[in-house]
Amino acid sequence: MRLTCVVTAKRLWIGIGAIAIVTVAMALLVAYSGVYNIAASRGHPAWLNWFLTVGMHRSVQVNSQNIKVPDIDDEKLAPLGAAHFHSGCAVCHGAPGMRINPVFDHMLPSPPNLSEEVSQWKKRELFWIVRHGLQYAGMPGWSGHAREDEVWPIVAFLSVLPDLSEQEYKTLSQGNNIKKFIHDDADIHPLTELLTNCRRCHGTSTRPATTSYVPVLGGQKPEYLARALHEYKMNLRESGYMEPAAHLLSESDIHALANHYGQLDEVIQETPDYSNKLIEAGRKLVENGDRSRRIPACAQCHIREHSSQFPVLDEQYEDYLKNQLILWQRGGRNHTSYGELMGVIAKRMTLKQIQAVSAYYASVSSRKNADTSINTNAHENSIQGTENL
Amino acid sequence: MMRLKYTIRFIFLLLTAGLLGCKTEQSMFSSAGPYADSIVWLTHLMTYGAIAVTLFIMLLTGVALFAPDNWKRKLTSDKNIVVGGIVFPTVLLTILLIYGFILLANAEKIVRSSEALSIDVVGEQWWWRFIYTLPDGRKIETANELRIPVNRPVSLTLTTADVIHSFWIPAYGGKLDMIPGRENTLDIFVQQTGVFRGQCAEYCGGAHALMSMYSVAMLPSEFEQWLDKESQIASSAANAKGKDVFLANGCGSCHQVRGTTANGTVGPDLTHVGSRLSIGAGVLKVSKESFVQWIENHQRLKPDNLMPEYTFLTVEETQLIAEFLHGLQ
């Protein structure tokens with residue numbers, strides 16, 4: 001007896017359909033029966049581990065392939081990345097001289113020690129992971145919506161991380177918070193504990209900020225500073241750095257910090273030498289605006305005498321100002337009515353005008369002028385003193 | 001029966017609509033000076049002439065269709081076709097053209113007969129900037145309100161800050177485009193005092209329909225008084241609190257109020273805004289409440305206008321600013 005089976009197109013489709021139904025039914029059966037043990041303590045079987053690792057690597061490679069790495073100055077940006085890494089990432093990933101927190105070490109997959117593993121990734125892949133996070137791995141996406149600009153300092157830090165010693169890491173991530181920098185009044189300051197988070201990046205009365213991508217705070221209007229912190233806390237102003245920091249603050253903390261910085265005489269970084277032409281163009285725009293582009297004069301709002309809600313910009317860092325104006329142009333700061341107002345103006349500015357204004361404000365120094373006048377007086381006094389002698 | 005009733009109603013509606021167009025502050029048919037008079041006269045002449053010609057042609061068509069054969073034969077003779085079809089329109093249109101030139105030239109002669117007052121007008125999205133030159137050479141700005149003396153020629157230099165606008169106050173006659181990179185001159189001569197309304201007559205973007213202006217034609221002595229007052233700095237002392245709120249919130253970065261530190265040139269000059277007829281280029285009649293409304297709601301009252309919104313001002317602050325602005329007489 002011979003059994004013959006003729007494969008027709010119809011029978012083929014029926015066969016495929018049957019196999020699909022059986023597969024789905026099996027999968028449901030496995031899930032419903034509870035046979036698979038999902039305990040993190042048990043770990044993944046080797047075959048599944050291999051499957052997930054390959055899938056993750058390929059996904060990161062493919063999704064990040066169109067990202068253009070900007071011309072980043074690692075040394076300039078790394079301190080900012082390091083400070084955030086210390087408060088946001090080190091708890092899971094560890095850091096030089098600091099073991100992974102045992103609680104998080106028992107996650108599955110357990111977070112990798114980045115000093116050892118970070119060099120296998122390209123910069124654009126690191127950017128993508130930090131920006132978007134990873135599903136099923138507990139890696140969160142960046143908390144500042146549309147703040148891609150903030151991710152690059154993290155990438156800059158990660159590129160220098162493998163070579164850092166324990167001491168170098170501490171210097172980089174603690175910024176101005178290191179004890180030898182805050183020896184005088186700060187040690188006994190009642191806000192010391194609150195200020196530890198701020199000082200990792202922002203300047204103090206004896207030290208400039210660790211990077212020119214964070215704003216100068218000393219001497220700023222306290223009402224404006226309080227509003228900024230409040231907006232970060234309420235998710236009205238986007239920043240992956242400031243939102244987590246402001247999240248920890250109570251209203252009275254915000255008030256105290258705003259007043260502290262309002263009264264602080266901060267040390268400013270050395271400003272680069274700008275061309276006179278650039279500064280002159282910036283000064284014109286600040287004082288007169290540009291009627292042809294309908295840009296009002298900056299100085300009508302951003303002066304000490306006017307509304308306490310408008311920040312003073314004298315001596316502000318160029319990088320910070322430029323970054324914020326570009327953010328405004330992209331609509332990244334229009335969640336509040338103050339932000340919306342500035343957004344209208346920023347969108348009327350050209351990139352050249354943004355550069356000129358930022359350079360001008362960085363070069364303007366009300367305080368340095370005051371210092372000079374004091375010095376001149378002192379000089380005159382000494383001359384008079386000599387004559388008297 | 002019903003049909004007749006509706007037809008009568010429709011005709012009545014058309015008639016009243018036509019009448020509504022007359023003798024209002026912004027009507028083509030109410031002129032305030034000789035130049036506009038000539039244009040209105042020419043408009044009437046051409047309209048009635050065209051109606052007469054049309055009726056005549058309808059009559060001829062009737063003849064061609066229904067008249068006895070010998071009438072039809074006469075109508076189609078070579079002589080009648082040459083005279084009626086070529087000679088008549090050529091002669092009539094030539095006379096009309098020459099008459100038009102003479103009429104306008106005469107009107108312009110009146111306009112240019114004595115020394116003209118020169119005013120610069122800049123079209124902006126979506127308002128009008130008026131710049132007066134004082135006898136001492138100083139220039140002062142005002143906005144959305146053209147004040148002129150009667151019985152004196154006025155020469156308007158028209159330019160634009162952005163796109164093409166068209167300056168048109170129907171009662172003064174003449175409509176002239178404001179073209180980027182060009183300077184156009186519009187001469188006007190007004191004899192009748194009063195308040196007239198004008199409108200941008202060339203689509204210029206979002207808020208074009210709300211780009212209006214008022215013009216006040218005044219007796220020469222009154223005009224001199226007005227110009228003298230307008231050239232003074234603002235009478236802001238009365239409301240120091242409102243002034244502080246105005247300045248503190250940066251209003252002065254776009255608006256000038258002479259006599260204060262507000263020196264912006266992006267938006268309309270507000271030095272004497274309280275004494276103007278309208279705000280927002282004809283959107284609201286000036287009153288304290290209007291200023292409050294404008295500050296709170298200008299993007300609803302005049303959508304897309306280029307002033308940013310000030311939603312962070314408190315009710316008290318808005319009131320104070322409105323009081324200050326209304327006090328700028």
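Trainee: In which loop of chain B is the place of Trp126(B)?
Mentor: In this predicted model, a cis peptide bond joins Gln125(B) and Trp126(B), with omega at about 0°. Most peptide bonds are trans. As for its place in the chain, Trp126(B) is in the loop between β1 (117-124) and β2 of chain B.

Trainee: Which peptide bond of chain A is cis, and what is its omega?
Mentor: The residue to look for is Pro109(A), which is found in the loop between α4 (102-105) and α5 (114-117) of chain A. The cis bond runs from Leu108(A) to Pro109(A), with omega near -5°.

Trainee: What is the phi of Ala281(B)?
Mentor: Ala281(B) has its place in the loop between β11 (278-279) and β12 (284-285) of chain B. Most residues other than glycine have a negative phi. Ala281(B) is not a glycine, and yet its phi is positive, at about 60°.

Trainee: Which strands stand at the edges of the sheet that contains β1 and β2 of chain B?
Mentor: This open sheet of chain B has 5 strands in the order β3-β2-β1-β5-β8, with mixed pairing, and the twist averages 25° from one strand to the next. A strand at the edge has a single partner strand, so one side of it is left without a neighbour in the sheet, and in chain B this holds for β3 (139-143) and β8 (184-188).

Trainee: Which residue of β3(B) stands opposite Ile131(B)?
Mentor: Strands of a sheet pair through backbone hydrogen bonds, either parallel or antiparallel. Strand β2 (residues 127-133) of chain B and β3(B) run antiparallel and are joined by 5 bridges. Opposite Ile131(B), in β3(B), stands Glu141(B).

Trainee: In the sheet with the order β4-β10-β9, what is the bridge partner of Gly194(B) in β10(B)?
Mentor: That sheet of chain B is open, with 3 strands and mixed pairing, and β4 (145-149) and β9 (194-199) stand at its edges, each with a single partner strand. β9(B) pairs with strand β10 (residues 212-218) of chain B in the antiparallel sense, over 6 bridges. Within β10(B), the bridge partner of Gly194(B) is Ala217(B).

Trainee: At what angle does helix α5 of chain B run to β4(B)?
Mentor: Helix α5 (residues 220-231) of chain B lies across two strands, β4 and β10 of chain B. Relative to β4(B), the helix runs at about 135°.

Trainee: How many nonpolar, polar and charged residues are in the contact of α7(B) with α8(B)?
Mentor: Helix α7 (residues 288-301) and helix α8 (residues 315-326) of chain B pack at an angle of about 130°, with their axes 8 Å apart, which makes α7(B) oblique to α8(B). Their crossing is right-handed. The contact is made by Lys288(B), Phe291(B), Val292(B), Ile295(B) and Glu296(B) of α7(B), together with Thr318(B), Gln319(B), Ile321(B), Ala322(B), Glu323(B), Leu325(B) and His326(B) of α8(B). By class, these residues divide into 6 nonpolar, 3 polar and 3 charged.

Trainee: How many nonpolar, polar and charged residues has the contact of α6(A) with α7(A)?
Mentor: Helix α6 (residues 123-132) and helix α7 (residues 148-160) of chain A pack at an angle of about 125°, with their axes 9 Å apart, and are therefore oblique to each other. α6(A) passes α7(A) in a right-handed crossing, with Leu126(A) and Phe127(A) of α6(A) and Trp152(A) and Val155(A) of α7(A) among the residues that make the contact. By class, this contact has 8 nonpolar, 1 polar and 3 charged residues.

Trainee: Why are α2(A) and α6(A) described by the orientation they are given, and what is that orientation?
Mentor: Helix α2 (residues 46-63) of chain A packs against α6(A) at an angle of about 105°, with the axes 9 Å apart. Because angles of 65 to 115 degrees count as roughly perpendicular, α2(A) and α6(A) are roughly perpendicular to each other.

Trainee: How many residues does the contact take from chain B and from chain A?
Mentor: The side of chain B that touches chain A has, by class, 7 nonpolar, 7 polar and 1 charged residues. The contact takes 15 residues from chain B and 15 residues from chain A.

Trainee: Over which residues of chain A does pLDDT stay under 50?
Mentor: Chain A averages a pLDDT of 87, and 90% of the residues score at least 70. Where pLDDT is low, the predicted coordinates should not be read in detail. The stretch with pLDDT under 50, for which the model has 0 contacts beyond four places in sequence, is residues 368-389 of chain A.

Methods
Residues are numbered from 1 along each chain as its sequence is written. Chains are lettered from A and ligands numbered from 1 in the order in which they are written. This is a predicted model: local features need pLDDT of at least 70, side-chain atom pairs count only at pLDDT 80 or more; totals for chains, interfaces and linings use all residues. Axes are lines fitted to C-alpha atoms, for helices over the stretch in contact, and angles run from 0 to 180 degrees between N-to-C directions. Helices (H or I, at least four residues) and strands (E, at least two) are DSSP runs, numbered from the N terminus. Angles under 35 degrees count as roughly parallel, over 145 as roughly antiparallel, 65 to 115 as roughly perpendicular and the rest as oblique. A crossing is left-handed if the near helix is turned anticlockwise from the far one by less than a right angle, and right-handed if clockwise. Two residues are in contact if their C-beta atoms, placed from the backbone, lie within 7 Å. Ala, Val, Leu, Ile, Met, Phe, Trp, Tyr, Cys and Pro count as nonpolar, Asp, Glu, Lys and Arg as charged, and the others, Gly among them, as polar. pLDDT is the predictor's confidence in each residue, from 0 to 100. Two strands pair if DSSP finds at least two bridges between them.
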